[in-house]
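Work through the exercises below with the sequence and the model side by side, and try each task before you read its solution.

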Amino acid sequence: MAPFKLFNLVALATIAVFASSFGVEPVNALSGRGPSSAQHRGFVSSRGHDSVAKRKRGLQKRQCRTRPQGSTNGTNTSPSTSASASASASASASTSNGNGDSSNSSNNGGNGDNNGGSNNGGSQGNNGGAQNSGGNGSGKVCLAWPNGNDPALQNWETSNSGIIYTWSPSGPQNPFGYTFVPMLWGENQIGDFTAQVHQGSAPYVMGFNEPEIEGQATMTPQHGADLWKQYIQPMAGGSKLVSPAVTSAPQSKPWLADFIKACDGCTIDIIAVHYYGTSADDLINYVTDFHNTFQKPVWLTEYACQNFSGGAQCSPDDIKTFMDKVKNFAETTDWLQQYCWFGAMHNMVNVNPNNQLMGSDGKPNTLGLDFLGLGQ
């Protein structure tokens with residue numbers, strides 16, 4: 001009997017080992033978004049962005065209840081399906097193609113996705129924040145740019161150029177009239193951030209990307225405050241500090257309020273928000289509520305006319321109407337200092353391509369010219 005039992009044990013062990021080779025590969029919260037150091041530095045590949053976009057849509061539907069479009073409540077404008085899409089771009093892409101993702105519901109849902117690439121910030125051929133703060137951009141037109149050192153950037157300069165950011169500590173070598181702003185996307189960029197960004201190396205420094213959303217820079221308000229004190233607060237005095245960029249999901253405003261409360265003694269000069277939806281009025285109400293609540297200037301660092309709630313997508317006419325209304329509001333509202341449409345990229349991946357600002361030649365298309373204020 002003993003040999004027979006031993007045989008059974010060996011057989012079972014063999015079967016277990018064989019079966020494990022077909023098991024699900026473990027992933028972490030950032031596995032869909034950031035490349036390894038061996039991949040593109042500073043930006044996420046389009047493939048990685050695609051997987052994040054799909055996950056965001058799922059999160060959105062799970063987390064947010066649809067709110068009637070056109071609602072104008074001021075305090076918790078939590079959107080319809082909101083979520084998190086941020087290109088925070090996670091977007092980001094390799095040097096020549098970006099993509100973003102976003103998310104939201106019929107009226108404001110979430111945000112675009114973003115990205116934070118792995119810890120390497122930047123090999124964009126540029127050496128990071130310290131050396132590329134660049135242009136004299138003092139306008140309000142902001143570029144969320146996942147395209148690395150794509151020379152197409154030279155076609156995007158305008159008299160109203162503001163900031164350009166890449167969801168990472170590093171930016172393009174030549175920002176062509178824009179002011180580059182480095183970001184500490186999340187914990188996976190700490191190494192690059194500390195190596196490239198120093199007090200006074202850039203006029204502004206941006207905080208975490210959608211930290212309240214799973215799959216983005218996910219962290220609790222307390223952990224975010226601890227990281228801020230260690231890595232971002234030391235930049236105060238030499239740079240203005242921009243808050244973590246939260247989405248239009250219901251939990252976003254409470255997350256930011258809890259973060260500010262936990263971050264006692266912290267400097268926060270500007271509030272950053274993301275918004276994806278199909279109602280310009282809802283977007284305006286949303287950013288106004290954040291301004292009124294936190295009594296700070298606001299940067300709208302990701303937005304688009306995008307429906308992730310399962311309904312119809314915005315048509316080109318819808319998008320132009322949405323864009324023009326938000327642009328007019330931003331240009332006539334002193335506390336809304338930057339507005340960054342999600343679309344200055346070669347590949348929109350899972351975002352409604354009608355939002356794209358860039359033509360196949362890298363130059364602004366008709367919608368891009370409208371966004372830049374160069375349209376007829």
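A residue counts as buried when its relative accessible area is under 20%, as exposed when that value is over 50%, and as partly exposed in between. Keep in mind throughout that this is a predicted model.

**Exercise 1. Classify Cys305 and Cys314 as buried or exposed, and describe the link between them.**

Step 1. Cys305 has a relative accessible area of 1%, so this residue is buried. Cys314, with a relative accessible area of 4%, is buried as well.

Step 2. The sulfur atoms of Cys305 and Cys314 are 2.2 Å apart, and a disulfide requires cysteine sulfur atoms within 2.5 Å, so the two residues form a disulfide.

Step 3. The angle about the S-S bond is -75 degrees, and the link of Cys305 and Cys314 is left-handed.

**Exercise 2. Find how many disulfides the whole structure holds, and work out how the bonded cysteines are paired.**

Step 1. A search of the whole structure gives three disulfides.

Step 2. One of them joins Cys142 to Cys340, with the sulfur atoms 2.0 Å apart. Cys142 belongs to strand β1 (residues 141–144) and Cys340 to strand β8 (residues 336–341), so that this pair links distant parts of the chain, 198 residues apart. The link of Cys142 and Cys340 is right-handed, with 100 degrees about the S-S bond. Cys142 has a relative accessibility of 0% and counts as buried, and Cys340 is likewise buried at 0%.

Step 3. Another disulfide connects Cys263 and Cys266, with an S to S distance of 1.9 Å. The torsion about the S-S bond of Cys263 and Cys266 is about -75 degrees, and therefore this disulfide is left-handed. Both Cys263 and Cys266 are buried.

Step 4. When the bonded cysteines are numbered in sequence order, the pairing reads 1-6, 2-3, 4-5.

**Exercise 3. Describe the surroundings of strand β1, starting from its two faces.**

Step 1. Val141 and Leu143 lie on one side of β1, Cys142 and Ala144 lie on the other, and all of these residues are buried, which leaves both faces of the strand covered.

Step 2. The strand β1 pairs with strand β2 (residues 161–165) in the parallel sense, over three bridges. Within this pairing, Ala144 has Tyr165 of β2 as its bridge partner.

Step 3. Tyr165 also belongs to an aromatic cluster, together with Trp167, Tyr276 and Phe342.

**Exercise 4. Determine which parts of the chain are tied together by the salt bridges of Asp264, Asp281 and Asp370.**

Step 1. The count of salt bridges comes to five. One of them is formed by the side chains of Asp264 and Lys229, at 2.9 Å from N to O. Asp264 lies in the loop between α6 (252–262) and β6 (271–277), and Lys229 lies in helix α5 (residues 221–232), so this pair ties together parts 35 residues apart in sequence. Asp264 is exposed at 52% relative accessibility, whereas Lys229, at 34%, is partly exposed.

Step 2. Asp281 and Lys325 also meet in a salt bridge, at 2.6 Å from N to O. Because Asp281 lies in helix α7 (residues 280–294) and Lys325 in helix α8 (residues 316–331), the pair ties together parts that are 44 residues apart in sequence. Asp281 is partly exposed at 36%, and Lys325 is partly exposed at 39%.

Step 3. Asp370 forms a salt bridge with Lys320, with the closest N and O atoms 3.1 Å apart. Asp370 is in helix α9 (residues 366–372) and Lys320 is in helix α8, so here the parts tied together are 50 residues apart in sequence. Asp370 is buried at 15% relative accessibility, while Lys320 is partly exposed at 40%.

Step 4. Lys320, Asp324 and Asp370 are linked in a network of salt bridges.

**Exercise 5. Examine the ring pairs of Trp341, and say how the planes are arranged.**

Step 1. The whole structure holds 15 aromatic pairs. In one of them, Tyr303 and Trp341 are edge-to-face, at 5.0 Å centre to centre and with 80 degrees between the planes. Tyr303 lies in strand β7 (residues 298–305) and Trp341 in strand β8, 38 residues apart.

Step 2. The ring centres of Phe322 and Trp341 are 5.9 Å apart and their planes stand at 70 degrees, so this pair is edge-to-face. Phe322 lies in helix α8 and Trp341 in strand β8, and therefore the pair ties together parts 19 residues apart in sequence.

Step 3. Phe322 is buried at 3%, and Trp341 is buried at 1%.

Definitions and conventions: Residues are numbered from 1 along each chain as its sequence is written. Side-chain values use heavy atoms; hydrogens and water are left out. A salt bridge is a side-chain nitrogen of Lys or Arg within 4 Å of a carboxyl oxygen of Asp or Glu. Helices (H or I, at least four residues) and strands (E, at least two) are DSSP runs, numbered from the N terminus. Buried means under 20% relative accessible area, exposed over 50%, partly exposed in between (1.4 Å probe, protein chains only). Two strands pair if DSSP finds at least two bridges between them. Rings of Phe, Tyr and Trp (its six-membered ring) pair if their centres lie within 6.5 Å; planes under 30 degrees apart count as stacked, over 60 as edge-to-face and the rest as tilted.
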